[in-house]
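Student: Could you take me through one part of this structure in detail? I'd like a close look at the place where the two chains meet.

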There are 2 protein chains.
Amino acid sequence: MDCNRFVEEQIAQIKQIVGDAKAINALSGGVDSSLVTVIGHRALGHQLRTVFIDNALMREGEPQRVVEVFALLGITVELVDSRKEFLSALAHLTDPEEKRQAITDTFYSKVFGRLVKEFGAKFLLHGTILTDIEETVAGIKRQHNILAQLGIDPQAAYGYSVIEPLKTLRKDGVREVCKFLELPAEISQRIPFPGPALATRIVGEVTPQRLETVRTATSIVEDELADSGAFQYLAVLLNDYATGIRRNRREFGQIIVVRCIESIDARTATVTELPWDKLNRISQRITQIDGVNRCLYDLTPKPPATVEYV
Amino acid sequence: MDCNRFVEEQIAQIKQIVGDAKAINALSGGVDSSLVTVIGHRALGHQLRTVFIDNALMREGEPQRVVEVFALLGITVELVDSRKEFLSALAHLTDPEEKRQAITDTFYSKVFGRLVKEFGAKFLLHGTILTDIEETVAGIKRQHNILAQLGIDPQAAYGYSVIEPLKTLRKDGVREVCKFLELPAEISQRIPFPGPALATRIVGEVTPQRLETVRTATSIVEDELADSGAFQYLAVLLNDYATGIRRNRREFGQIIVVRCIESIDARTATVTELPWDKLNRISQRITQIDGVNRCLYDLTPKPPATVEYV
């Protein structure tokens with residue numbers, strides 16, 4: 001791929017479409033939305049407002065760190081604290097589809113929808129990549145009509161539109177462009193992290209306490225596997241409990257699954273054949289988390305499993 | 001240990017206690033109850049009735065195979081089909097304690113209690129080992145007052161008593177005595193299998209369909225790991241579902257956990273560091289089971305996890 005040409009074309013196209021109107025984008029901290037943010041700011045400067053929405057589902061210290069990294073690139077990212085809105089929308093939900101729907105609805109209809117209108121943006125920049133489109137067409141991902149989700153009727157509200165600068169790229173192409181733009185490795189080499197964030201790694205109800213458990217497990221896994229060279233690694237909190245024994249007493253404990261995969265573009269994946277001393281160390285650290293007494297390693301390739309659990 | 005002396009002492013003691021009365025024992029097929037059956041028959045011959053109760057929770061072909069193996073040793077084992085009673089007692093139960101209680105109640109109060117009275121046995125031979133006693137004392141296993149569970153008041157029903165010939169041995173001692181007695185490897189090398197059988201390997205409700213799933217997974221794991229030299233290996237069906245992708249469609253699938261451990265006496269255990277080609281093969285076969293799309297490997301030592309899940 002000719003990265004220079006790709007970037008120049010996207011900048012020109014965004015400029016042409018947006019003209020002197022205002023645009024907005026939501027940065028998740030993932031590599032896709034990070035690249036859109038950088039290209040968008042090169043094209044639009046202060047016409048583009050970039051927000052990072054703290055949905056309470058992010059990793060340890062993540063919202064603050066994302067704002068910091070972009071500040072170093074000269075890009076202002078506005079941190080929006082919406083933790084309460086997301087947590088109350090998720091309370092008591094256990095069905096995976098209902099959980100995803102609650103996150104989507106809160107994001108678009110409540111939080112982001114409000115910001116779009118507040119700012120008077122007519123254009124939305126979005127980090128859709130080719131794999132997203134393919135999986136939506138195949139029925140694996142749900143259809144996201146972004147404007148409809150924002151409560152905007154594209155017919156009635158002339159001028160609103162979504163720009164997807166990365167829709168011809170797969171994950172490896174996105175990383176290549178990031179490297180070409182000399183973005184810090186913290187962005188370009190960032191392991192994939194899903195939109196609904198840690199909620200996709202909690203089977204069952206998402207509560208502040210269960211988030212804390214999976215957040216701690218995630219920190220351990222990321223710390224231990226940062227140098228593994230793997231495509232992606234993550235921790236999942238199951239809803240099931242299993243019998244264990246602690247201080248010579250029977251106890252029911254929570255179960256953490258560790259997943260670590262090799263992949264080129266997330267379309268297919270295989271388990272990373274980690275060394276046993278690493279697996280044993282992870283298991284030992286994970287079972288020191290309060291209430292957790294099992295640590296499992298996911299052996300399944302994609303397909304038939306997906307990367308995430310929810 | 002002097003195996004010859006141990007066996008002779010136990011035979012003499014059983015003879016002395018039972019005299020010319022009748023005794024009964026329930027053979028589960030595990031190494032403990034198998035050894036009790038052999039020693040019991042050497043001591044008592046036809047005064048001892050040995051029953052194998054098919055509780056619907058056994059492994060593929062197990063009830064028939066156990067009867068066959070003992071027939072070759074000249075010991076008649078009576079196969080009692082109680083599948084319906086156990087399955088109806090387990091229906092709709094999901095709490096681990098309630099499930100274990102339902103199995104215990106059905107076994108003692110209904111099925112075995114009836115057989116004891118029918119046969120007129122005053123003595124029960126039981127395969128309790130030292131580890132069972134220690135774990136009961138420590139509060140890890142529940143207390144089993146066998147006579148009380150049979151609805152027998154030891155005060156009122158003078159003469160009833162339980163004989164536990166193996167209560168001074170741990171698992172390794174049991175195996176040593178089996179080898180001394182030249183019992184077939186199928187008995188002496190049999191991997192441990194819990195009393196409540198496959199029900200301890202189903203998190204959530206025990207149904208005929210879920211039993212079929214864990215039974216198939218168990219066959220695969222036992223087939224693949226028979227030559228692993230591990231202390232114990234097993235498959236567990238979780239209650240949670242996870243997202244997967246099959247024939248390009250999103251699906252929620254069941255999750256099988258594979259557990260394989262190194263241990264001397266089951267008091268402590270560590271994960272078997274299986275070769276990756278073996279783990280990948282197991283995962284591939286497990287995810288071909290109808291409705292299953294994840295295969296996890298349990299990394300946790302005992303403690304803090306136990307061997308079984310329920």
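Tutor: Here is a walk through the interface, from its extent to its strands. This is a predicted model, in which local features need pLDDT of at least 70 and side-chain atom pairs count only at pLDDT 80 or more, while totals for chains, interfaces and linings use all residues. Residues are numbered from 1 along each chain as its sequence is written, chains are lettered from A in the order in which they are written, and side-chain values use heavy atoms, leaving out hydrogens and water.

Chain A and chain B each put 50 residues into the contact (heavy atoms within 4.5 Å). Together they bury about 4300 Å², with carbon and sulfur atoms giving 57% of that; buried area is the accessible area (1.4 Å probe) lost on being put together, summed over both parts.

On the polar side, there are four salt bridges across the interface (a Lys or Arg side-chain nitrogen within 4 Å of an Asp or Glu carboxyl oxygen). One of them joins A:Arg294 to B:Asp298, with the closest N and O atoms 2.8 Å apart.

What does chain B bring to this? Its α5 (96–119), β6 (232–246), β7 (249–262), α11 (276–286) and β9 (292–298) each supply at least two residues of the side touching chain A; these are DSSP runs, helices (H or I) of at least four residues and strands (E) of at least two, numbered from the N terminus. The largest share, nine residues, comes from β6(B).

Finally, strand β9 (residues 292–298) of chain A pairs with β9(B), antiparallel, over three bridges (pairing takes at least two DSSP bridges). There, A:Tyr297 stands opposite B:Tyr297.

Terms used. Buried area = accessible area lost by both parts, 1.4 Å probe.
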